[in-house]
Amino acid sequence: MYFGRAIGPYESELVANAQLLSKSGGGILASDESTGTIGKRLVSAGLENTETTRRDFRELLYTGEELGKYLNGVILFHETLYQSTRRGERFVDVLTKQGILVGIKVDKGLKPLPKHPEETYTEGLDGLEDRCKEYYKQGARFAKWRTTLKIDVGKSLPSEACIAVNAAGLADYASIAQKSGLVPIVEPEILIDGTHGVDISAVVAEHVISAVYEQLRVRQVLLEGTLLKPMMILPGSSWPEKVSPELVAAVTIKAMRRCVPAAVPGIMFLSGGMSEEQATVNLNTINILAKSDEKELICPWSLSFSYGRALQSSVLGTWGGKEETREDARTVAVSLARANSLAQQGLYEGPHPTTLQVSNLIEGFRGWRDPADPDHKI
Ligand code: 13P
């Protein structure tokens, strides 16, 4: 039975901001890694995980020339929302001045799912409304909540329990975020780990994403004021064959068309362990196919990026914590954003600005909270 929606006073603002985040030629930089996750990256680049180092790195990411041309939004971690540049300008103001919307990670990380020790659910519903209200006051206009699902065909994963719990959590979060004026990014990340092929990935993604939209419907979430952040449809990282960007693009579009409502303004893919170049090339190919005249490839949403690793890895490598490499690192950050802005329009031609010689950016298993490291909220 339909009783009418009660989204609250933010309804038109949510719709306008979701459209801004989906604006053609722009995407999202996900720089909301928890202290533990960013720390592992800093340490592996030979740096210390201190508040100052985290601030200095993020300052490089946010202050490059003309960044606002390529990014519609940047997602911050709690600490970063309250930080300022070396010169004392709040990051929130630095970004807002460039026309970039500020986002905030509002989940509190992953926990093992009771009775399903290999799977996780996402913590953070307690106190969420108060946190969202406070973040809105600080200048945030959108939010992110990450859930992860693991494919293991032999073990029948993801389990129905894992899908149901995470879909319900995403819907709870989305309705609370909207009530507080934040556009919710809905992120059911299907992890890249696994030995499955692309066809299994597609079946699981369709199942999971459909379950998420069913829960969003039950919670009367205003779809026009949301964004979806899925993984592209790729084979598992241990699948022995290479797949072409054309195949990835075709199966990704097909899966999204089957389960993402047309009312959603944007699908912002995560990079999930793809190399920087692969993330750009796949996004470009998706957008070329979506613009082709083929009826079964027509897409009603903007198809864009909300990348973490694929927009940051070369920046960190170039900087390495040194004063004399800061300008070069800032330039790399803008070049990576620009390459993906072109890819969002299907206009990327290369060469790619990556400075890394790696075939992927997989960081071990990112679906767990490490019990030996309770502060490591992924
Ligand atoms: P990656 O692009 O590195 O997968 O990170 C995106 C993200 O924000 C995951 O939540």
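The exercises below, each with a worked solution, concern the predicted model shown above.

Residues are numbered from 1 along each chain as its sequence is written, and side-chain values use heavy atoms, with hydrogens and water left out. Because the model is predicted, local features need pLDDT of at least 70 and side-chain atom pairs count only at pLDDT 80 or more, whereas totals for chains, interfaces and linings use all residues.

**Exercise 1. The barrel**

Trace the order of the strands in the closed barrel, and then follow the pairing from β10 through β1 and β2 to β3.

Solution. Begin with the terms: strands (E, at least two residues) and helices (H or I, at least four residues) are DSSP runs numbered from the N terminus, and two strands pair if DSSP finds at least two bridges between them.

Next, take the order, which is β1-β2-β3-β6-β7-β8-β9-β10, a closed barrel of eight strands with parallel pairing.

Then go through the pairs. Strand β1 (residues 27-31) runs parallel to β10 and is joined to it by two bridges, with Ile-28 opposite Ser-306 in β10. β1 also pairs with β2, in the parallel sense over five bridges, and here Ala-30 has Ile-75 of β2 as its bridge partner. From β2 the parallel pairing continues over four bridges to strand β3 (residues 101-105), where Val-102 is the bridge partner of Val-74.

Finally, consider the surroundings of strand β2 (residues 71-76): six of its six residues are buried, so the strand is largely enclosed by the rest of the structure. Buried means under 20% relative accessible area, exposed means over 50%, and partly exposed lies in between (1.4 Å probe, protein chains only).

**Exercise 2. A buried acid in a hairpin**

Locate Glu-119, and work out which side chain makes a polar contact with the side chain of Glu-119.

Solution. Glu-119 is found in strand β5 (residues 116-122). This strand pairs in the antiparallel sense with strand β4 (residues 110-113) over four bridges, and Pro-112 stands opposite Thr-120 in β5. Two residues lie between the strands of this hairpin, in which Lys-115 takes a positive phi near 70°.

Now turn to the charge. Glu-119 is buried yet has no salt bridge, and the nearest side chain of opposite charge, Lys-150, is 8.1 Å away. A salt bridge requires a side-chain nitrogen of Lys or Arg within 4 Å of a carboxyl oxygen of Asp or Glu.

The polar contact is made with the side chain of Ser-159, at 2.6 Å. Such a contact is a pair of N or O atoms within 3.5 Å; within protein, one must be able to donate a hydrogen and the other to accept it, and residues adjacent in sequence count only if both atoms are side-chain atoms.

**Exercise 3. The ligand shell**

Describe the residues that surround the ligand, and state how much of the ligand the protein covers.

Solution. The ligand is surrounded by 13 residues, the closest being Lys-144, Lys-229, Ser-271, Gly-272 and Gly-308; a residue counts as near if one of its heavy atoms lies within 4 Å.

For the individual distances, an oxygen atom of the ligand is 2.8 Å from an N or O atom in the side chain of Lys-229, and one is 2.5 Å from an N or O atom in the side chain of Ser-271. At Gly-272 a polar backbone atom is 2.7 Å from an oxygen atom of the ligand.

For the coverage, the protein covers 96% of the 300 Å² of accessible area that the ligand has on its own, areas that come from the Shrake-Rupley method with a 1.4 Å probe. The elements giving two or more residues to the shell are β6 (142-149) and β10 (302-307).

**Exercise 4. Two salt bridges**

Among the 27 salt bridges of the structure, examine Glu-363 with Arg-41 and Glu-59 with Arg-55, and place each pair along the chain.

Solution. In the salt bridge between Glu-363 and Arg-41, the closest N and O atoms are 2.8 Å apart. The pair links distant parts of the chain, with Glu-363 in the segment after α12 (326-344) and Arg-41 in helix α2 (residues 35-44), 322 residues apart. Glu-363 counts as partly exposed because its relative accessibility is 33%, while Arg-41, at 12%, counts as buried.

In the other pair, the side chains of Glu-59 and Arg-55 meet at 4.0 Å, N to O. Both residues lie in helix α3 (residues 51-62), four residues apart, about one turn of the helix, and both are buried.

Conventions: Lys and Arg count as positive and Asp and Glu as negative; His and the chain ends are not counted.
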